Amino acid sequence: MKLHEYQSKAIFAQYGVPIPNGKVASNADEARQIAAQLNKRVVIKSQVLVGGRGKAGGIKVANDPDEAEQLADQILAMKIKGLPVRKVLVDEAIHIAKEIYLGVVVDRAAKCATMIGSAAGGMEIEEVARTTPEKIVRIKIDSAYGLLEYQARALAFALGIDKTLVRDFTAIATGLYRAFVATDATLAEINPLAVTAENKLIAADGKIVLDDNALYRHPDLEQLRDIDEESSEEQRARNAGLSYVKLDGDIGCMVNGAGLAMATMDVIKFYGGAPANFLDIGGGAKADKVKTALEIILSDPNVKCVLFNIFGGITRGDEVARGVVEGLKGIKTRVPMVARIVGTNAEEGRRILADANMMTAETLEEGAQKAVAAAKRMQ
Ligand code: GDP
Ligand code: MN
C-alpha cells in the first residue's frame, strides 16, 4: 500500500526529518486559506500515488493566496497518469540549491534493508540507475544494529554533502531508517532531499510503500488507505480475501495457490495467450468465493475465456469442482471456460465440471492451449 506525499512526510517528521510547513487541501478555497496562513510563496502539489508529478504539471509555485487558489483549482481538475487529483498539498516554497536522493528499500537479494543515496536527486532513481549507475551509493543495514552513525557519515561524504551539514544529514538518514522499520515499509524515500539556498537540508518530497502483509500490525496506517487509488474490482477482491491483480490480456485465470497462479500465467504466455489477471482464490475454494472471483474476472470486458487451474490436495478435487459449479450458478455469461484439475479425486472433479459444460483438461499445457484457442475464437 502506497502512502501519499503528505502522509509520508508527516511520518518522517515524527522521526526528526525536517519537512516544509504545509497542509493538505481538498479544494481551492482551503488551498487559499493555507497559503494565507503560511503567508509566503507556496508550492501546490498534486497528491496522487504516482511519480513524475512535477513533469506532468502537477506541481506549481504560487506567489500569493489568490494564485494559490487559482493553481489549486487547475491542479484539482487534472488527471495524472490516469489518476484524478483529489487533494493538493500546500507547502511553503523552498529555494532549492541541490537535490539529493535518499531512500531505504527491502533488498531481497542482499536479505537486508539497503539505504540508497545519490547526488543526482530529483529525477526518478530508476532512471539514474539505468543511465548513470555510478552515481548511486548503497549501504547495507544490519537489522540487529540499525543504521550506524559511521555508515550515515560515509554516505554523506560519498554524496558530497557539505561538511557543515553532515550532522544534520546523519540525523535525517537515521530518522528515515527508523520510520522505515517502524511502519514495516518496503520503501521509504525522500526525493529530493533538498539542500536549500540557505544551506539547510529539508525533505521536499516523500514516499512510503507499506508491506501489505504487515498492515495488520498497523491499524492506524491502514486508515490512511486511499480507496480512490484502487479499482473497485481490486477493493472487492481484497474484501473477499482474494489476491487479485488486473492485467492487460484476455484470458481470465482462477487458480488455487499463488505459485500455481504464476505458473498458469507463464504457460498461457508460452502458448501465445495473455492473462487478464492474476487471481489466487486460496485453499478450500468455497462456492461463494468462487462466485465472487468469477464475477470479478468477468467484469473485465477484455476477458474472452476463463481458465480454472485447480490442484486438488488437502481440499479434494471433486469438492473444488462442486464449489465451482455452485459458484457458476446465477452467473450469466457466454465466455467459454476451461478447467484443468489434478490431484486427489481429479477424475470425479473433471466429470462434474464437464457436466457443467466446461471444457476440461488433464495437464496445464492442454488447459492453456485450449484456453488460448477459445479466446482466439471469441475475438
Ligand atoms: P515528483 O515529480 O512526483 O517526484 O514530485 P516532487 O515533489 O519531487 O517535485 C518535483 C520537483 O519539483 C522537485 O524535484 C523540485 O525540483 C520541484 N519542487 C518541489 N517542491 C519545491 C519547492 O518547494 N520549491 C521549489 N523551488 N521547487 C520544488
Ligand atoms: Mn519526487
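Is Arg322 buried, exposed or partly exposed? Arg322 counts as partly exposed, at 43% relative accessibility. Here buried means under 20% relative accessible area, exposed means over 50%, and partly exposed lies in between, with a 1.4 Å probe and protein chains only.

**Before you start**

This is a predicted model, in which local features need pLDDT of at least 70 and side-chain atom pairs count only at pLDDT 80 or more, while totals for chains, interfaces and linings use all residues. Residues are numbered from 1 along each chain as its sequence is written, chains are lettered from A and ligands numbered from 1 in the order in which they are written, and side-chain values use heavy atoms, with hydrogens and water left out.

**The whole chain**

Show the protein chain as a cartoon. Its secondary structure comes to 13 helices and 19 strands. Helices (H or I, at least four residues) and strands (E, at least two) are DSSP runs, numbered from the N terminus. The C-alpha atoms fill a box of roughly 75 × 50 × 40 Å, taken along the principal axes. Of the 379 residues, 48% count as buried. Residues 24 or more positions apart account for 67% of the contacts with a separation of 6 or more; contact means heavy atoms within 4.5 Å.

**Stop 1: helix α11**

Select Arg322 and Asp318. Both lie in helix α11 (residues 317–328), four residues apart, which is about one turn of the helix. Their side chains meet in a salt bridge, 3.2 Å from N to O. A salt bridge is a side-chain nitrogen of Lys or Arg within 4 Å of a carboxyl oxygen of Asp or Glu. Asp318 counts as buried because its relative accessibility is 3%.

**Stop 2: Lys45 and its network**

The structure holds 21 salt bridges. Salt bridges that share partners join Glu5, Lys9, Lys45, Arg53, Asp91 and Asp205 into one network. Select Lys45, which is found in strand β3 (residues 42–46). With a relative accessible area of 7%, Lys45 is buried. Leaving aside residues up to four places away in sequence, Lys45 touches ten or so neighbours to look for, including Glu5, Lys9, Arg53, Lys87, Leu89 and Asp205. The C-alpha atoms of Lys45 and Ala72 are separated by 8.3 Å, although the two residues are 27 residues apart along the chain.

**Stop 3: Asp184 and Arg217**

Which residue forms a salt bridge with Asp184? The partner of Asp184 is Arg217, and the closest N and O atoms are 2.8 Å apart. The pair links distant parts of the chain, 33 residues apart: Asp184 is in the loop between α6 (166–182) and β11 (185–196), and Arg217 is in the loop between β13 and α7. Asp184 counts as buried, at 17% relative accessibility.

Now select Ala214, in the loop between β13 (207–210) and α7 (219–222). Ala214 is buried, with a relative accessible area of 10%. Measure from its C-alpha to that of Ala185: the two are 8.5 Å apart in space and 29 residues apart in sequence.

**Stop 4: helices α8 and α10**

Select residues 232–239 (helix α8) and 287–298 (helix α10), whose axes come within 10 Å and cross at roughly 170°. The crossing angle makes α8 roughly antiparallel to α10. The axes are lines fitted to C-alpha atoms over the stretch in contact, and angles run from 0 to 180 degrees between N-to-C directions. Angles over 145 degrees count as roughly antiparallel, under 35 as roughly parallel, 65 to 115 as roughly perpendicular and the rest as oblique. Glu233, Arg236 and Ala237 of α8 make the contact with Thr292, Glu295 and Ile296 of α10.

Stay on Glu295. Glu295 forms a salt bridge with Lys291, with 3.6 Å between the closest N and O atoms. Glu295 counts as partly exposed at 28% relative accessibility, and Lys291 counts as partly exposed at 29%.

**Stop 5: backbone exceptions**

Most residues other than glycine have a negative phi, and most peptide bonds are trans. Select Asn191 and Pro192, which are joined by a cis peptide bond with omega about 10°. Pro192 lies in strand β11.

Next select Asn39, in the loop between α2 (28–38) and β3. Phi of Asn39 is near 55°, a positive value in a residue other than glycine. Asn39 counts as exposed, at 65% relative accessibility. Asn357 also has a positive phi, of about 70°. Asn357 is found in the loop between α12 (346–355) and β19 (359–361).
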